Amino acid sequence: HPAIRDITLMAGVVAGMDAVWFAVFVLYVIKVLHQQPGAYGLLLAIGAVGGILAGAGGAALTRRIGPWHSLLIAGLVVAATQAGLGLTGNVIIAAVLLMLSSAAFALCSMTVVTMLQREVPDALLGRVNSVFGTVTQGAEALGAIAGGILAAAAGIRAPMLAGAVPIAVVTVFTGWRHRTASQRPRDRLAA
């Protein structure tokens, strides 16, 4: 099924590229933002607020604009915030970017899982979820390894910057491939 394949691919890229920078985030906080180690926890908490807000309002947003548009917005925000993190050394800007990134990541996750649950027949849902989990968790593991290697080779900012382009590309590609579905509000995946 093309839609399931594409959202799985998108989720894998987003998860993997997110893990690339998150693997070295504590070093970023200390070496780039010049904060004490305790600021790491505070920044994580600020980021979590974004995820909580998306959890509270994401379903309403997706009902209003449709799942394909939600994925397009979420993916582009994740890409932009990763680039922003790689470019900033300001802790306040980084905190705002983390909140936005977490909100977008949560919106993307909620939308993808809902799309999978609605589209996949009950008899196949366990198998599809298993493949989906293997793709996303495998991408996260590989992304974390790549993040450490990239940071060692090119500096702490490099992992943040590296993920922006692949996420933007897969997001635009997915949005383009399913542009007609996003224009049909009664499409099965747009419900």
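Welcome to a quick tour of this predicted model, starting at phenylalanine 173, which sits in helix 7, the run from residue 158 to residue 177. From there the tour moves to a charged network that joins Arg5, Asp6 and Arg177, then to the long runs of helix 5 (residues 91-119) and helix 6 (residues 122-154). The last stops are serine 70 in helix 4 and histidine 34 in the loop between helix 2 and helix 3.

**Helix 7: a surface patch and a buried threonine**

- Phenylalanine 173 has a relative accessibility of 38%, so this residue counts as partly exposed.
- Together with Leu9 and Trp176, Phe173 makes up a nonpolar patch on the surface, and the accessible area of the three adds up to about 320 Å².
- Threonine 174 also belongs to helix 7, but threonine 174 is buried, at a relative accessible area of 1%.
- Where does the side chain of threonine 174 reach? Its target is the backbone oxygen of valine 170, at 2.7 Å.
- Beyond the neighbours within four places in sequence, threonine 174 has contacts with Asp6, Met10 and Trp68.

**The salt bridges around aspartate 6**

- How many salt bridges are there? The count comes to two.
- In one of them, aspartate 6 meets arginine 5 side chain to side chain, with N and O 3.1 Å apart.
- Aspartate 6 is buried, with a relative accessible area of 2%, while arginine 5 is partly exposed at 47%.
- Aspartate 6 also pairs with arginine 177, where the closest N and O atoms are 2.7 Å apart.
- Because arginine 177 lies in helix 7 and aspartate 6 in helix 1, this pair ties together parts that are 171 residues apart in sequence.
- Arginine 177 counts as partly exposed, with a relative accessibility of 33%.
- Through shared partners, the salt bridges link Arg5, Asp6 and Arg177 into one network.
- Aspartate 6 is thus a name to remember from the helix 7 section too, as threonine 174 is in contact with Asp6.

**Helix 5: its span and its cap**

- Helix 5 has 29 residues, which should span 42 Å at 1.5 Å a residue, and the C-alpha atoms at its ends are 41 Å apart, in agreement with that value.
- What caps the N-terminal end of helix 5? Asparagine 90 does, through a side-chain oxygen that lies 2.8 Å from the backbone nitrogen of isoleucine 92.

**Leucine 107 and serine 70**

- Leucine 107 is found in helix 5 and counts as buried, at 7% relative accessibility.
- Setting aside residues within four places in sequence, leucine 107 is in contact with Ala54, Gly58, Leu61, Thr62, Ser70 and Ala74.
- From C-alpha to C-alpha, leucine 107 and threonine 62 are 8.5 Å apart in space, although 45 residues separate them in sequence.
- Serine 70, one of the contacts of leucine 107, is part of helix 4, which covers residues 67-87.
- Is serine 70 buried or exposed? Serine 70 is buried, with a relative accessible area of 0%.
- The side chains of serine 70 and threonine 62 make a polar contact at 2.9 Å.
- Not counting residues up to four places away, serine 70 touches Leu61, Thr62, Ile65, Leu107 and Thr111.

**Helix 6: its span, its buried residues and its end**

- Helix 6 has 33 residues and reaches 46 Å from its first C-alpha to its last, close to the 48 Å expected at 1.5 Å a residue.
- Which residues of helix 6 are buried? They are Leu125, Phe132, Gly133, Thr136, Ala139, Gly143, Gly147 and Ala151.
- The cover over these buried residues includes helix 1 (2-22), helix 5 and helix 7.
- Glycine 155 follows helix 6 and has a positive phi, near 105 degrees.

**Histidine 34: a positive phi in a loop**

- Histidine 34 has a phi near 55 degrees, which is a positive value in a residue other than glycine.
- This histidine 34 lies in the loop that runs between helix 2 (25-32) and helix 3 (38-65).
- With a relative accessible area of 63%, histidine 34 is exposed.

Key: Residues are numbered from 1 along each chain as its sequence is written. This is a predicted model: local features need pLDDT of at least 70, side-chain atom pairs count only at pLDDT 80 or more; totals for chains, interfaces and linings use all residues. Side-chain values use heavy atoms; hydrogens and water are left out. Patches are made of residues with over 30% relative accessible area and no salt bridge: like charges are joined within 9 Å, nonpolar side chains (Val, Leu, Ile, Met, Phe, Trp, Tyr) within 5 Å. Accessible areas come from the Shrake-Rupley method with a 1.4 Å probe; for residues, only the protein chains shown count as cover. A salt bridge is a side-chain nitrogen of Lys or Arg within 4 Å of a carboxyl oxygen of Asp or Glu. Helices (H or I, at least four residues) and strands (E, at least two) are DSSP runs, numbered from the N terminus. Buried means under 20% relative accessible area, exposed over 50%, partly exposed in between (1.4 Å probe, protein chains only). A polar contact is a pair of N or O atoms within 3.5 Å; within protein, one must be able to donate a hydrogen and the other to accept it, and residues adjacent in sequence count only if both atoms are side-chain atoms. Contact means heavy atoms within 4.5 Å. The expected span of a helix is 1.5 Å times one less than its number of residues.
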